[in-house]
Every structure is written in C-alpha cells, then in structure tokens.
Amino acid sequence: MIDVLDGVAAIDIADQLGEVFGAAFGAPGYEDTQSDGAAFAAEQLPAHAARDDFKLVTAQVDGAVAGFAYGFTGQRGQWWPDRVAQAVSAELAAEWIGGHFEVVELAVVPGAQGRCLGTALMGELMLDLPHRKALLTTYVDDRPAPRLYRRMGWQVLVPDLGWGSSLYGLDRGVPVGR
Ligand SMILES: CC(C)(COP(=O)(O)OP(=O)(O)OC[C@H]1O[C@@H](n2cnc3c(N)ncnc32)[C@H](O)[C@@H]1OP(=O)(O)O)[C@@H](O)C(=O)NCCC(=O)NCCS
C-alpha cells in the first residue's frame, strides 16, 4: 500500500523512516554512504519537511513502513542546487536548476527489495507534480537505483559530478497551472 504524506505527517513517523533509511543505506555494498537513520530522522527530515511542495510517499508491508521516497521544490541558494550548479555547465544549470522538483531520498528495506516497491514509490512521488523539470543525484556505478531511474525515463545529465554521483534529470513536458 502506498500513502502520500505532507511534512507534518512525515515527521510524525520520523523514527520509522529513520529505521528504513538506516537499513537501506547500511546494507552491504553501501558502506560509503550516509546510513545514520537517527540523524536522518532528527535532522535531515525536519529540515526538508519545511521546504516548498514537500511530498513523501511510503510503502507499507504487513502494517510497517518498508520504503519511502520524498522530494520538494529545489531553489538556488539551497546547498544541493548550488553545489550541483557549480559542478555543471552554465547552460545546463540555467536550464535545469531552480524551481525543479528535487528527489532527495528513495529507500526500501533490503528484505522488501526486488518486489517493485521502489518503482511504485517513484511513480507515486512523481504523479501529478506541477513541475516541468525534476532532478536527482545517484550512484555512478551500476546499481538498482540508477537502473530504476533510467527505466522510469530519467536521463543522465552529467555522468560524474566529481564526487561519485551522477546527475539525472526528467523533463516532464509542458506544466499544467505553472
Ligand atoms: C533503489 C531501491 C530503492 C530499489 O528498491 P526496490 O523496491 O528493490 O525496487 P524495484 O523492486 O522496483 O526494482 C529493483 C529490481 O527488482 C526487479 N524486480 C521488481 N519486481 C520484480 C519481480 N516481481 N520479479 C523479478 N524482478 C523484479 C526490478 O526489475 C529491478 O531490477 P534491476 O535492479 O535489475 O533493474 C533499493 O534497492 C534501495 O533501497 N537501495 C538502497 C538505497 C538507495 O540506493 N537509494 C537510492 C539512492 S539514489
């Protein structure tokens, strides 16, 4: 079952989301990534939940949160868009960065992976968004996450930003009402 949460509802289940985050990013093969679920729940999530158009989707399995994804409207002046803008061409930055929908996290607990939950979460997260452009960074190497994004129509904008991440973009066409 997939649910859509706003910032308040997401913070209400921050501990569960932190556990999913820690399990997904703490799995073998993800040693180099940030996997501190408690810090995610206490710091990153509350900071991001206050951003414009914050949207978080959860997948429930047997009554427990087994996966989630979230994003918000990214703007220049924020850490991530500014960092990415400095690493790409001026043309690419002008076309893609600022007012985009920023996909920040996607995570499914290892025991529930390979059952299309990640795909369903991304589908629901992107559904009905008014943004024309969407952005995310993901792993440079061949893993489930980049494969999933490419399968769902995302294009590689920059294969390697210089810190082991690729920049992916999705041009969603003419926006409705924006
Ligand atoms: C990326 C992630 C969220 C994907 O979650 P998931 O629920 O396993 O995603 P899906 O099940 O939709 O797809 C994963 C694979 O299972 C396959 N799959 C899905 N349902 C299937 C089924 N019924 N039968 C066989 N294979 C299936 C998909 O084709 C896909 O295969 P691929 O990796 O070879 O392309 C998960 O691997 C994860 O949490 N990784 C760690 C954190 C991470 O990398 N997050 C993203 C950071 S950018």
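Visitor: Take a salt bridge as a side-chain nitrogen of Lys or Arg within 4 Å of a carboxyl oxygen of Asp or Glu. How many salt bridges does that rule give?
Guide: The count is six. This is a predicted model, where local features need pLDDT of at least 70, side-chain atom pairs count only at pLDDT 80 or more, and totals for chains, interfaces and linings use all residues. Residues are numbered from 1 along each chain as its sequence is written, and side-chain values use heavy atoms, with hydrogens and water left out.

Visitor: Which residue does Lys133 pair with?
Guide: Glu95, with the closest N and O atoms 3.3 Å apart.

Visitor: What does that pair tie together?
Guide: Lys133 is in strand E5 and Glu95 in helix H5 (residues 90–96), so the bridge links parts 38 residues apart in sequence. Helices (H or I, at least four residues) and strands (E, at least two) are DSSP runs, numbered from the N terminus.

Visitor: Now the ligand. Which residues come nearest?
Guide: Leu106, Gly114, Cys116, Thr119 and Arg151, out of 22 around the ligand. Near means a heavy atom within 4 Å.

Visitor: Which backbones meet ligand oxygens?
Guide: A polar backbone atom of Cys116 is 2.6 Å from a ligand oxygen. For Gly114 the distance is 2.8 Å. Gly118 also has a polar backbone atom 2.8 Å from a ligand oxygen.

Visitor: How much of the ligand is covered?
Guide: The protein covers 73% of the 950 Å² of accessible area that the ligand has on its own (Shrake-Rupley, 1.4 Å probe).

Visitor: Which element gives the largest share of the shell?
Guide: H7, with six residues. Helix H7 spans 144–151. Helix H2 (14–25), strand E4 (100–108), helix H6 (117–126) and strand E5 (133–139) each supply at least two.

Visitor: And what is the shell's makeup by class?
Guide: The shell has 13 nonpolar, six polar and three charged residues. Gly counts as polar here, Cys as nonpolar.

Notes:
A polar contact is a pair of N or O atoms within 3.5 Å; within protein, one must be able to donate a hydrogen and the other to accept it, and residues adjacent in sequence count only if both atoms are side-chain atoms.
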